[in-house]
Every structure is written in structure tokens, then in C-alpha cells.
Amino acid sequence: MEKYIVTLSRQFASMGSTIAHLMAEELGIEYYDRDIVEQAARRMGLDLPLVCDAEERSGNFFSRLVNTLGSDMPAVQQEIFQVESEIIRDFAHPDKPSCIIVGRCADGVLKDYPRVLNVYLYAPFEARVKNCTEYLGMDEKTARKNILEVDRARELYRLRYGDGVKTVFDRRDLMLDSSRFGPKKTAELLCGMVRAAFE
């Protein structure tokens, strides 16, 4: 089959990374998530934990990073986004295999690329609290706090770097409540959509 790309963005604790991994296995394609952060850290000469924190806790991360690099915050944020965007475009190169890319505004980075399907996964708040406590080992208080903080950080990140997006619906082809079917069934349903779109 001709190369295609699936981008998958998600609410925190909607099981998006797990679902993306299941999809990649079923479709027999590459899966990129943490790989993007690891490559960005190497290219920028930064410690991986610092760049990982940028994904979810921009406030604490950037204040520490500014102290580390002596740079102003907007410049540091922009540099991380540019480096991650370059890595995403590398994965999207026609010579590379089909893939699924999780997060990092990949839908915006690849908006001019052909054969891209943009998926967004969400779930009710209480379902995500349950995922945090059952799968991520958090206590309930921490789970509720993290959901609110990470969702807000992702929303602000997308508004800043999403290249013109204004609502949750912009540049998203499929939106699905992952709690409705669970990770395995959600992955199966999405794989069926991918095959319908690209075969």
C-alpha cells in the first residue's frame, strides 16, 4: 500500500498512547511517540527528562530550562517545537514507511502532506481519573490535578503551534470517546477507518 500517516492527539489519560501502539501493531506500521522527544533531546544537547517535562508541564519545565540555558522562554519553546517538527517531517518522508505519530501538533506540521488521517481521542473526566488510578498508579487527588494541568498545557500548546487552529474540531478527521469501547476495541475501530481511508 502507498505510504500513509496517522496522527493521533489525545486528552490526558484517554489511553491514546496505548491505543496508538495497538493500532501500529495491527496495521504493521511504525509508531512514534517518545522517539520524537528522545531525538529532540539529542539534537538539542539537553537532558531527556527536561524535554519530556516540556510535553506536560510547560510552566515548571520552561522555568528550569531557562535557568539551564540562559535563554528567554519564548525562544526556548520555539526551538523545541521547530526541532520536533523537523523530526516529524523526517518520519513523514516518502522514503520512510507508513507510521502513526502521537501528539506534538503533528496534524499541523503535516497539514500539507497527502494521505494523512488526523485522529483525536477523548474521554469523560471520571473515566480518565479511573485510568490514572488503575493504569498509571496515581492516587485520585494527583490524578485529578494532573488531568486538569496536562489538558490545559496541551490546549495552549496546540493553540500556539497548531498553525491557525481555533477549536477542538479544527484539522481533526476523526474524534472518538475511547472510554466507550476500551483501548482494544477503539484501536480495532480506528484501524478499520484507516484501511477504508487509504486502501
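This short talk walks through one protein chain, from a long look at one helix to its charged pairs and its nonpolar cores. Please keep in mind that this is a predicted model.

Let's start with helix α8. It covers residues 140-161, which is 22 residues. How far apart are its end C-alpha atoms? They are 31 Å apart. At 1.5 Å a residue, the helix should span 32 Å, so the two values agree.

Now look at the start of α8. Aspartate 139 caps the N-terminal end. One of its side-chain oxygens lies 3.1 Å from the backbone nitrogen of lysine 141. At the other side, α8 is followed by aspartate 163. Aspartate 163 has a positive phi of about 55°, although it is not a glycine. Most residues other than glycine have a negative phi. Aspartate 163 sits in the loop between α8 and β5. Its relative accessibility is 44%, so it counts as partly exposed.

There is a second case of this kind. Arginine 115 also has a phi near 55°, again positive in a residue other than glycine. You will find arginine 115 in the loop between α6 and β4. Its relative accessible area is 23%, so arginine 115 is partly exposed.

Back to α8. Which of its residues are buried? Among them are Ala143, Ile147, Val150, Asp151 and Arg154. Note that charged residues appear in that list, including Asp151, Arg154 and Arg158.

So what does Asp151 meet? Its side chain makes a polar contact with the side chain of arginine 128, at 2.8 Å. Arginine 128 belongs to helix α7, residues 125-135. Is arginine 128 buried or exposed? It is buried, because its relative accessible area is 4% and the cut-off is under 20%. The side chain of arginine 128 also reaches the backbone oxygen of alanine 123, at 3.1 Å. Beyond its close neighbours in sequence, up to four places away, arginine 128 touches Gln11, Phe12, Ala13, Ser14, Ala123, Ile147 and Asp151.

Compare another arginine. Arginine 10 lies in strand β1, residues 5-10. Arginine 10 is buried, yet it has no salt bridge. How far away is the nearest side chain of opposite charge? That is aspartate 33, at 4.5 Å. A salt bridge here needs the two atoms within 4 Å, so this pair does not qualify. Setting aside neighbours within four places in sequence, the contacts of arginine 10 include Asp33, Tyr120, Leu121 and Arg154. Arg154 is one of the buried residues of α8.

Next, salt bridges. How many are there? The count comes to 15. Here are some of them.

Glutamate 126 pairs with arginine 144, with the closest N and O atoms 2.9 Å apart. Glutamate 126 lies in α7 and arginine 144 in α8, so the pair ties together parts that are 18 residues apart in sequence. Glutamate 126 is partly exposed, at 46% relative accessible area. Arginine 144 is partly exposed too, at 26%.

Glutamate 155 and arginine 152 also meet in a salt bridge, at 3.3 Å from N to O. Both lie in α8, three residues apart, about one turn of the helix. Why does that spacing suit a pair? An α-helix has 3.6 residues a turn, so residues three or four places apart point the same way. Glutamate 155 is partly exposed at 40%, and arginine 152 is partly exposed at 44%.

Lysine 111 and aspartate 112 make a salt bridge as well, at 3.3 Å from N to O. Lysine 111 is partly exposed, at 38%. Aspartate 112 counts as exposed, at 65%. Finally, Arg43, Glu86 and Asp90 are linked in a network of salt bridges.

Last topic: the nonpolar cores. In soluble globular proteins, nonpolar side chains tend to be buried together. The largest core here has 25 residues. Which residues have the most contacts inside it? They are Ile5, Ile36, Ile88, Ile101 and Leu110. The elements that give two or more residues to this core are α2, α3, α5, β3 and α6. The largest share, six residues, comes from α5.

Take isoleucine 88. Leaving aside neighbours within four places in sequence, isoleucine 88 is in contact with Ile36, Ile101, Arg104, Ala106, Val109 and Leu110. Apart from this core lies another, of 21 residues. Val6, Ala24, Val102 and Ala187 are among them.

Definitions and conventions
Residues are numbered from 1 along each chain as its sequence is written. This is a predicted model: local features need pLDDT of at least 70, side-chain atom pairs count only at pLDDT 80 or more; totals for chains, interfaces and linings use all residues. Side-chain values use heavy atoms; hydrogens and water are left out. Helices (H or I, at least four residues) and strands (E, at least two) are DSSP runs, numbered from the N terminus. The expected span of a helix is 1.5 Å times one less than its number of residues. Buried means under 20% relative accessible area, exposed over 50%, partly exposed in between (1.4 Å probe, protein chains only). A polar contact is a pair of N or O atoms within 3.5 Å; within protein, one must be able to donate a hydrogen and the other to accept it, and residues adjacent in sequence count only if both atoms are side-chain atoms. Contact means heavy atoms within 4.5 Å. A nonpolar core is a set of buried Ala, Val, Leu, Ile, Met, Phe, Trp, Tyr and Cys residues joined through side-chain atoms within 4.5 Å.
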